[in-house]
Amino acid sequence: MTKSLFFRSLLATTTTVAISAMASSGYAVSLVPDSEGEINVGLDCLDAAQCILPESLSFVESILSETDETTSSTSRLFIDDLNTENVYGDDISFSTTDAGTIPADVWFRPVAYLEATDSYPEEGQLEVGTYTFEFGTLLEELTIEYFDAESENTTGVVALNGNPLASPDWVPDGSNGNVFTQTFTDVSSLTLKLGLFDPEGMMVKKPGDGVRFRLAATPAATVPEPTTISGLAVLGLALAGSKLRKRH
């Protein structure tokens, strides 16, 4: 009888743990892939062999490059690790000694483009762009990490869940190499404005302020329906009874 009571207690505990795990909140996941390359943000990729589809990123349904107000053009978007050198097409060159401040690890890297002159400032090393992220699931939390934002009212979230923000949540200007983090809740989409094209050096040192970013998300928790939880509990008791009968 002692063994039977022990088994009943163990199975009840196991069932409770399983139900608790199913009903628990989500988990944080980085949206930055490990592999370097260009993300297709509606502009096609310069090198098909190094092209990353947006839907291959965790939770992401699409990423669209929007016209940036400081360049009046759309911008390409890359995944880049400054420990390596990369060349894309004839005009974009990333090196381990870029013109801007160099972060560690892997980041989303915007690339400013000037449609009027068909050129990329600083060989593509000026990180300026505006992008709309659409997510395939509601995100309970979305954390954005910005690297080296040094100009006022030029970097941050300008639209959330399809709604433009009358007062965008701008990232404050900081010292060289600074990192700033924002967290938003219940996110299905957002538009990010990164950096500043400032060829005359009116606000920052010309040609502007480049900003990289990273994203991490926690999906909304999937909680089983009450009937499902009740069913699991009944199933657990039934299994316990079955085991007890076999022991007798």
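Hi everyone. Let's start in strand β12, which covers residues 179-194, because that is where D186 has its place. This is a predicted model, and I'd like to walk you through its backbone first and its aromatic rings after that.

So, D186. Its phi is positive, about 55 degrees, even though the residue is not a glycine. As general background, most residues other than glycine have a negative phi, and most peptide bonds are trans. Is D186 buried or exposed? Neither label fits: D186 has a relative accessible area of 45%, so it counts as partly exposed.

A second residue to look at is F59. Here too phi is positive, about 70 degrees, and again this is not a glycine. You can find F59 in the loop that runs between β3 (51-52) and β4 (60-66).

One more backbone feature, and then we move on. Between K206 and P207 the peptide bond is cis, with omega at about 10 degrees. Where does P207 sit? Look in the loop between β13 (196-197) and β14 (208-209).

Now for the rings. How many aromatic pairs does the structure hold? There are nine. Let me pick out two of them, F78 with F94 and F133 with F135.

The ring centres of F78 and F94 are 5.4 Å apart and their planes meet at 85 degrees; an angle over 60 counts as edge-to-face, so that is what we call this pair. The pair connects distant parts of the chain: F78 belongs to strand β5 (residues 76-81) and F94 to strand β7 (residues 92-94), with the two residues 16 apart. F78 and F94 are both buried.

Compare that with F133 and F135. Their ring centres lie 6.3 Å apart and their planes are at 20 degrees, so this pair is stacked. Both F133 and F135 are buried as well. If you follow these two rings further, you reach a cluster: F108, F133, F135 and F213 form one aromatic cluster.

Finally, two arginines. Let's go back to F94 for a moment, since R109 lies over the face of that ring, 3.7 Å from the ring centre. Which ring does the charged end of R214 sit over? That would be W107, and the distance to the ring centre is 3.9 Å.

If you have the structure open, try finding D186 in strand β12, then the cis bond between K206 and P207, and then R109 over the face of F94. Thanks for listening!

Key. Residues numbered from 1 in each chain as written. Predicted model: local features only at pLDDT ≥ 70, side-chain atom pairs only at ≥ 80, totals over all residues. Heavy atoms only, no water. Helix = DSSP H or I, 4+ residues; strand = E, 2+ residues; numbered from the N terminus. Buried < 20%, exposed > 50% of the residue type's maximum accessible area, 1.4 Å probe, protein only. Phe/Tyr/Trp six-rings, centres within 6.5 Å; stacked < 30°, edge-to-face > 60°. Lys NZ or Arg CZ within 6 Å of the ring centre and 35° of its normal.
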